[in-house]
Amino acid sequence: MNSVENQLLQVTQALEKQVDATIEKIDNLDVNDLEQLRKNRIKELQKQEEKKREWLKNDHGNYDELPEEQRFFDVIKKSDNIVLHFYTNTSERSKIVDMHLKALAPKHIEARFTKLNAEKCPFLSEKLKIKVIPTIVLIQKTILVDKIIGFTELGNRDDFTTEVLEWRIAQNGIINYEGDLSAPPDQQVIKKSRNYGKKIRDSSYNRDDEDLDIEEDGLKADNLKSDYLAMPTQSTELTADELAELMN
C-alpha cells in the first residue's frame, strides 16, 4: 500500500468513527432528550418567523426609493443590513442596477433594499463620497462596510447577471448566500482595462469607475444625523459648487 492509499484509508477510518459516534449518541437519546430537541427546534423556528415579520414590517422584501435623505437615518436604525443604491435620472446604468435589485429584494428579505437620488441628497453624497453613478453602498449595523462603485467589479460590462451582483453584495455578509463566495457564479474574470466596456457620463459624476478606491469609512447614525441637523437649511438640489466639491 502506497502513501496516498494509506492516507485515504486513515481519512476513511476517521470519518467512520465520527459517523459511529453520532449514531451512538442518537441511539442513546431518551424520550426527554428528544422532547427537548423538539422544543429547541420549535423555539428556533419561532424566532426566525418573528425576525421575518419584523423585516417585512420595516419594508424588507421590496425595492423602493427613500423620498428624502433624512429618512436614511430612520432606515439604518431599523435594519441591520442595507443595500443602498445611489442613482441619477440620467444614468442608464442606474436603470440596470434597479432591474437587478428589484429581483434580489424579495429573495433576500434579511436586508433592506432601497435607493436615493444622489443629486437630491448632497449631505449624504458628500459624507459617503459618492462620485461615480451608480454606486451601491452596503451598510451593516449603521457601519458602512463596502461600496460597489460602477460596474468595474461586476465584469466591467452592462450585461452582467443578477447572480453576479448577488455574489458581490454577499461578500460582506449583508445577505445570506449559499454559493461559493471565492469566485463569481459565472467564473468571469474581471477585466481592469480602462478602455473596456461602455463609459457613462452622468452630469457631475463624470469619472471612470477605475479611478476610485473603495472608502473604508465608518458610518455612525447618531454622528451623521447630528452633522445633518447642524447644517443650515438648504435646497435639496446640488449647486455648481457642491457638484465641484464632490469631484475632489
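Modeller: Let us begin with a definition: a salt bridge is a side-chain nitrogen of Lys or Arg within 4 Å of a carboxyl oxygen of Asp or Glu. The model before us is predicted, and by this rule it holds 10 salt bridges.

Biologist: Which side chain does Arg112 meet in a salt bridge?

Modeller: Arg112 meets the side chain of Asp64, with 3.1 Å from N to O. The two partners lie in distant parts of the chain, since Arg112 belongs to strand β3 and Asp64 to strand β1 (residues 63-65), 48 residues apart. Arg112 counts as buried because its relative accessibility is 3%, whereas Asp64, at 24%, counts as partly exposed.

Biologist: How should I read a salt bridge whose partners both sit in one helix?

Modeller: The general idea is that an α-helix has 3.6 residues a turn, so residues three or four places apart point the same way. Here the side chains of Lys52 and Glu49 form a salt bridge at 3.9 Å, N to O, and both residues lie in helix α2 (residues 31-57), 3 residues apart, which is about one turn of the helix. Lys52 is partly exposed, at 36% relative accessibility, and Glu49 is likewise partly exposed, with a relative accessible area of 39%.

Biologist: Where do Arg168 and Glu153 lie?

Modeller: Their side chains meet in a salt bridge of 3.2 Å, N to O. Arg168 is in helix α6 and Glu153 in the loop between β5 and α6, so the pair ties together parts that are 15 residues apart in sequence. Arg168 counts as buried, at 5% relative accessibility, while Glu153 is partly exposed, with a relative accessible area of 24%. Through salt bridges that share partners, Asp146, Glu153 and Arg168 are joined into one network.

Biologist: Helix α6 has come up already; why is it described as largely enclosed by the rest of the structure?

Modeller: To judge a helix in this way we count its buried residues, and a residue is buried when its relative accessible area is under 20%. In α6 (residues 162-169), 6 of the 8 residues are buried, so the helix is largely enclosed by the rest of the structure. These residues are Val164, Leu165, Glu166, Trp167, Arg168 and Ile169, and they pack against β2 (81-87), α4 (92-104), β3 (112-117), β4 and β5.

Biologist: Which residues have the most contacts inside the largest nonpolar core?

Modeller: That core has 21 residues, and the ones with the most contacts inside it are Val83, Leu101, Phe113, Leu165 and Ile169. At least two of its residues come from each of α4, β4 and α6, and the largest share, 4 residues, is supplied by α4. Leu165 makes a useful example to follow in the structure: leaving aside residues up to four places away in sequence, Leu165 touches His100, Leu101, Leu104, Ile136, Ile148, Leu154 and Phe160. There is also a second, separate core of 19 residues, which includes Phe73, Ile82, Ile130 and Ile139.

Biologist: Phe73 leads me to helix α3; which of the residues there are buried?

Modeller: In α3 (residues 71-78), Phe72, Phe73, Val75 and Ile76 are buried. To read such a pattern, it helps to look along the helix: seen down the axis of α3, the buried residues fall within an arc of 160°, so they line one face of the helix.

Biologist: In what sense do strands β4 and β5 pair, and over how many bridges?

Modeller: Strand β4 (residues 135-140) pairs with β5 in the antiparallel sense, over 6 bridges. Within this pairing, Ile136 stands opposite Ile148 in β5. The hairpin has 2 residues between its strands, and in it Lys141 takes a positive phi near 50°. As for β5 (residues 143-149), 5 of its 7 residues are buried, so this strand is largely enclosed by the rest of the structure.

Biologist: How many helices and strands does the whole chain have, and what share of its residues counts as buried?

Modeller: The protein chain has 8 helices and 5 strands, which run from the N terminus in the order α-α-β-α-β-α-β-α-β-β-α-α-α. Of its 248 residues, 38% count as buried. Among contacts between residues at least 6 apart in sequence, 74% join residues at least 24 apart. Finally, the chain exposes about 14800 Å², of which carbon and sulfur atoms supply 49%.

Methods: Residues are numbered from 1 along each chain as its sequence is written. This is a predicted model: local features need pLDDT of at least 70, side-chain atom pairs count only at pLDDT 80 or more; totals for chains, interfaces and linings use all residues. Side-chain values use heavy atoms; hydrogens and water are left out. Buried means under 20% relative accessible area, exposed over 50%, partly exposed in between (1.4 Å probe, protein chains only). Two strands pair if DSSP finds at least two bridges between them. Contact means heavy atoms within 4.5 Å. A nonpolar core is a set of buried Ala, Val, Leu, Ile, Met, Phe, Trp, Tyr and Cys residues joined through side-chain atoms within 4.5 Å. The arc is that of the directions from the helix axis to the C-beta atoms. Accessible areas come from the Shrake-Rupley method with a 1.4 Å probe; for residues, only the protein chains shown count as cover.
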